[in-house]
Amino acid sequence: MDNVLVITTKPDLHIDMLEKHLPRVTFTVLDPKEFPNIPLSFLTDQNESSVFIKGVNMTEIKVVWYRKPYFLQEEEIPVAKELRKPIHENYAAFIKWAYALFPNALWISDPWKILKGNSKIYQMQLAQVLGFRLPATLLTSERKRAESFISSLDEVVVKPLIPPAILEDETFKTMYTTVLKKEDLNLDGLNLSPMIFQEKIDGIDIRVTVVDKEVFVCKIIKIGDIAKEVDWRKYQIGKNLSYEEDKDFPKSLRDKCVKMVKEMGLVYGAFDFIKTGEDYFFLEINPNGQWGFVEEKCNLEISRAFAKLMSTALKK
């Protein structure tokens with residue numbers, strides 16, 4: 001039976017979505033959260049190297065699916081407090097070193113390429129080269145430059161470089177893209193925490209999912225009380241969003257999305273655009289974004305595209 005190594009944290013419903021297309025494939029999960037009970041070994045000598053995961057020799061694995069692995073926090077390491085930091089560092093390195101293995105396997109996608117792809121600066125530069133339309137954007141830690149940029153535009157949104165996960169009252173909270181009101185402008189601490197400032201573009205949110213050369217496009221329409229909100233993700237769990245396939249998304253943009261994913265060394269990417277009139281403005285690409293909700297809400301066969309990609313690699 002063929003085997004796919006999945007690096008993720010359980011539960012992960014995306015695996016269930018793939019299993020229905022690949023019933024003869026075993027999905028072996030490497031979950032960093034299972035530490036210290038992760039049977040993982042690397043064996044090497046003069047002539048060969050071997051990788052054992054959960055007692056199975058996976059040296060010749062053909063597909064590695066890098067999903068959404070989460071690591072234990074330092075305070076969760078089950079040792080004395082003074083030992084937690086070095087053991088946490090050792091544990092994290094042990095897992096991440098596995099990312100450099102399996103050079104002949106299909107990685108969906110390479111974690112190091114994903115890490116680079118998360119850079120908004122890199123994304124914007126590449127999108128510019130490929131000819132996407134871009135809103136005016138500033139990434140900065142400079143107060144004066146931010147003030148000048150904000151004053152030059154009618155409306156501006158602000159977002160963090162990396163969305164924070166803040167534990168407050170035993171609940172994790174984050175920061176979404178927010179409209180910046182000039183009368184409430186406070187840039188104290190910008191030198192400590194650089195931010196992204198961007199021209200506000202009104203329109204319809206478009207999520208474009210690329211799997212290899214296949215492109216799936218979904219319109220996300222905010223309705224009711226949230227119609228004028230800028231970040232639909234804040235309301236994803238509620239009922240104030242409407243999803244439908246966007247069959248009018250231009251072929252030229254589809255081709256550019258495929259090309260951008262390839263240029264980034266990825267095999268998958270989730271793009272966010274804003275459509276205003278007939279124009280589509282590129283906002284960002286998430287090189288390892290969630291796609292299950294898009295398949296479910298828009299009835300798109302994204303999981304089948306992933307299964308096709310894996311199946312092809314397993315046959316080689």
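Strands are DSSP runs of E with at least two residues, numbered from the N terminus. In this predicted model, strand β14 spans residues 204-211 and holds Thr-209. Thr-209 counts as buried because its relative accessibility is 0%, and the cut-off for buried is under 20%. Apart from neighbours within four places in sequence, Thr-209 is in contact with eight residues that include Tyr-268, Trp-291 and Ile-302.

Strand β14 is also among the elements that cover the buried residues of helix α6. Helix α6 has 13 residues, 251-263, and reaches 18 Å from its first C-alpha to its last, close to the 18 Å expected at 1.5 Å a residue. Its buried residues are Leu-253, Cys-257, Val-258, Met-260 and Val-261. They lie on the same side of α6, because they cover an arc of only 160° around the axis. Lys-251 and Lys-262 are exposed, on the face turned away from that buried side. After α6 comes Gly-265, with a positive phi near 75°.

The following elements are among those covering the buried residues of α6.

| Element | Residues |
|---|---|
| α4 | 120-130 |
| β15 | 214-222 |
| β17 | 268-276 |
| β18 | 279-286 |

Met-260 of α6 is also one of the residues with the most contacts inside the largest nonpolar core, which has 46 residues. Phe-102, Val-208, Phe-271 and Phe-273 are the others named there. Leaving out residues up to four places away in sequence, Phe-271 touches Cys-257, Met-260 and Val-261, among others. A second, separate core of 35 residues includes Val-29, Trp-291, Cys-298 and Phe-306. In soluble globular proteins, nonpolar side chains tend to be buried together.

Key. Residues are numbered from 1 along each chain as its sequence is written. This is a predicted model: local features need pLDDT of at least 70, side-chain atom pairs count only at pLDDT 80 or more; totals for chains, interfaces and linings use all residues. Side-chain values use heavy atoms; hydrogens and water are left out. Helices (H or I, at least four residues) and strands (E, at least two) are DSSP runs, numbered from the N terminus. Buried means under 20% relative accessible area, exposed over 50%, partly exposed in between (1.4 Å probe, protein chains only). Contact means heavy atoms within 4.5 Å. The expected span of a helix is 1.5 Å times one less than its number of residues. The arc is that of the directions from the helix axis to the C-beta atoms. A nonpolar core is a set of buried Ala, Val, Leu, Ile, Met, Phe, Trp, Tyr and Cys residues joined through side-chain atoms within 4.5 Å.
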